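Please explain the structure shown here to a bench biochemist, moving from its charged pairs to its interior and its largest pocket.

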Amino acid sequence: TVLVFINAANDLYWASDLNVNQMEQVADNPDVRYILQWKQSRSVFAGSSFDGVRRVRVKPDNTSAIVSEVVQSNLTNGLGQPLDMGDPATLKGFLDWAKLYYPADRYALIVWNHGNGWRRAPFEDLGRAVSYDDETGNSIQIWELDAALAGHTFDILAWDASLMQMLEVSYEVKDKATFVVGSEESPPAEGYPYHLVFAEFRDNPDETTGNLTKAFVDGMLAHPPYVSRKITQSSLVSVQHTALKDAVSALAPALISAYTADPSGVGPLVIDARANAQSYSPTSLRFYRDLVDLCLKLEAEPGMPVGVVNAAANVRAQVALTALWEGHNGNSPGSRGVAIDFSPSSVYGSVSSDYLQMKFANDSQWDEWLSIAP
């Protein structure tokens, strides 16, 4: 059972129609079914194809029309208002219902919406982490995912949203899914080409879960309209995340020791590595960097202390064990599957209280590095 939480109560409403139609094109194997919770809101986007929250079982169809079965419609809260898809309790309610009525040997969950990596992005007009509901103004923060997924585990958890394939995010859900799939980049608004990704599920439903996750990578790279776009996609192995966290946590004190011992010497090297490592949707306040490329840049800096060089190399070795599948096109050439926040302390200080709510911050020393980083 593939569960898709489609929060289209925002400017992506048109893409949700496209994606559901793509699902219908590959829904003809009875061993694979697609169950959706889907919201649109005409009060915020008048061109939406419907209004409210519905639950849908996808039916096979090869036309441009959407013919899938609406199992429940006009879902509301206790006040008669449409469910808030930016509320973690709404996601949990969908999962409780779907697993009860559509049991399966294996489950995939796709969270569909805008994304902003780990941050709530207070500097943006529409602050969010993931699943932003324009009707309510709410979104699901990364540290709320435990509540949103409570009582459930998945074989695949995929983010059809921007910037979500970060270590801070995948570590948060490592106990909720065997594989975590997503993009380091901000992918095209059209999101996954579901007809390409899930053709593999239709044709080979008994394939191993790990091999099936490669279809997300292949589908994104094979979609002709995406050739000129920044495309990254990876599948991360959750059981490797503790070792990866430990490797990154060891890099932090190496950086701290080197920088505090020689701030005028090491500081410019760190700043140069940050400036040249593969970045994702950079702003003056967002410093998301590919973890492997960042380590390569740190290692290549002339005069970088050997402790940092060795710790960075160890991180790269562990990423190689964590990223089962990874693909990117030439528009994001330094991508290797997982990003990390590499903000200077002047930026980190304004969001540290949020960062410290995440498991990665509590289990590693990375926040201690960010708090002093030049």
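Is Lys297 buried, partly exposed or exposed? The model is a predicted one, and in it Lys297 has a relative accessibility of 25%, so this residue counts as partly exposed. Its partner in a salt bridge is Asp293, with 2.9 Å from N to O. Both residues belong to helix H10, which covers residues 291–300, and their spacing of four residues corresponds to about one turn of the helix. Asp293 has a relative accessibility of 10% and therefore counts as buried, because the limit for that class is under 20%. The pair thus joins a partly exposed lysine to a buried aspartate.

A general principle applies to such pairs. Side chains of opposite charge can pair when their charged atoms come close. Across the whole structure, a search finds twelve salt bridges. Another of them links Lys92 to Asp96, where the closest N and O atoms are 3.1 Å apart. These two residues are four apart in helix H2, residues 88–101, and so are separated by about one helical turn. Lys92 is partly exposed at 26% relative accessibility, and Asp96 is likewise partly exposed at 34%.

The salt bridge between Lys59 and Glu69 has its closest N and O atoms 3.6 Å apart. Lys59 lies in the loop between strand S3 (52–57) and strand S4 (69–72), whereas Glu69 lies in strand S4, so the pair ties together parts that are ten residues apart in sequence. Lys59 counts as partly exposed, with 31% relative accessibility, and Glu69 counts as partly exposed with 38%. Salt bridges also form a network, in which Lys39, Asp133 and Glu135 are linked.

The discussion now turns to the interior. In soluble globular proteins, nonpolar side chains tend to be buried together. The largest nonpolar core here has 79 residues, and the members that touch the most others are Trp118, Trp159, Leu291, Trp366 and Trp369. Helix H8, residues 241–261, supplies the largest share of this core, namely ten residues. Trp118 illustrates how distant parts of the sequence meet: beyond its neighbours within four places, its contacts include Ala129, Ile142, Trp143, Tyr288, Val351 and Met358. Charged residues also touch Trp118, among them Glu168, Asp341 and Asp354. A second core, separate from the largest, contains 36 residues, including Ile6, Leu12, Ala108 and Leu212.

Several residues that are not nonpolar are buried as well. Asp290, in strand S11 (residues 288–290), has 0% relative accessibility and so counts as buried. What does Asp290 touch, apart from residues up to four places away in sequence? Its contacts are Glu184, Gln278, Tyr280, Gly334, Ser335, Arg336, Gly337, Val338 and Ala339. One of these, Gly337, is 47 residues from Asp290 in sequence, yet the two C-alpha atoms are 7.4 Å apart in space. Ser170, found in helix H4, is also buried at 0% relative accessibility. Outside its neighbours within four places in sequence, Ser170 is in contact with Val180, Leu236 and His241.

Two buried residues stand out by their backbone angles. Ser131, located in strand S6 (residues 130–133), has a positive phi of about 60° although it is not a glycine. Its relative accessibility is 0%, and Ser131 therefore counts as buried. Leu163 also has a positive phi, near 65°, in a residue other than glycine. Leu163 lies in the loop between S8 and helix H4 (167–172), and with 2% relative accessibility it counts as buried.

The remaining feature is the empty space that the protein encloses in part. Rolling a probe the size of a water molecule over the atoms shows where empty space is left. The largest pocket holds about 390 Å³. Its lining consists of 19 residues, and those nearest its centre are Thr1, Asp31, Val32, Arg106 and Pro205. Strand S8 (154–160) and helix H7 (209–222) are the elements that give two or more residues to this lining. By character, the lining residues divide into eleven nonpolar, two polar and six charged.

Terms used
Residues numbered from 1 in each chain as written. Predicted model: local features only at pLDDT ≥ 70, side-chain atom pairs only at ≥ 80, totals over all residues. Heavy atoms only, no water. 1 Å grid on protein atoms, 1.4 Å probe; cavity = no way out; pocket = protein on both sides within 12 Å on 5 of 7 lines; lining within 4 Å. Points joined across faces, edges and corners; volume = space filled by probe spheres on them. Nonpolar A, V, L, I, M, F, W, Y, C, P; charged D, E, K, R; others polar. Buried < 20%, exposed > 50% of the residue type's maximum accessible area, 1.4 Å probe, protein only. Contact = heavy atoms within 4.5 Å. Core = buried A, V, L, I, M, F, W, Y, C linked by side-chain atoms within 4.5 Å. Salt bridge = Lys/Arg side-chain N within 4 Å of Asp/Glu carboxyl O.
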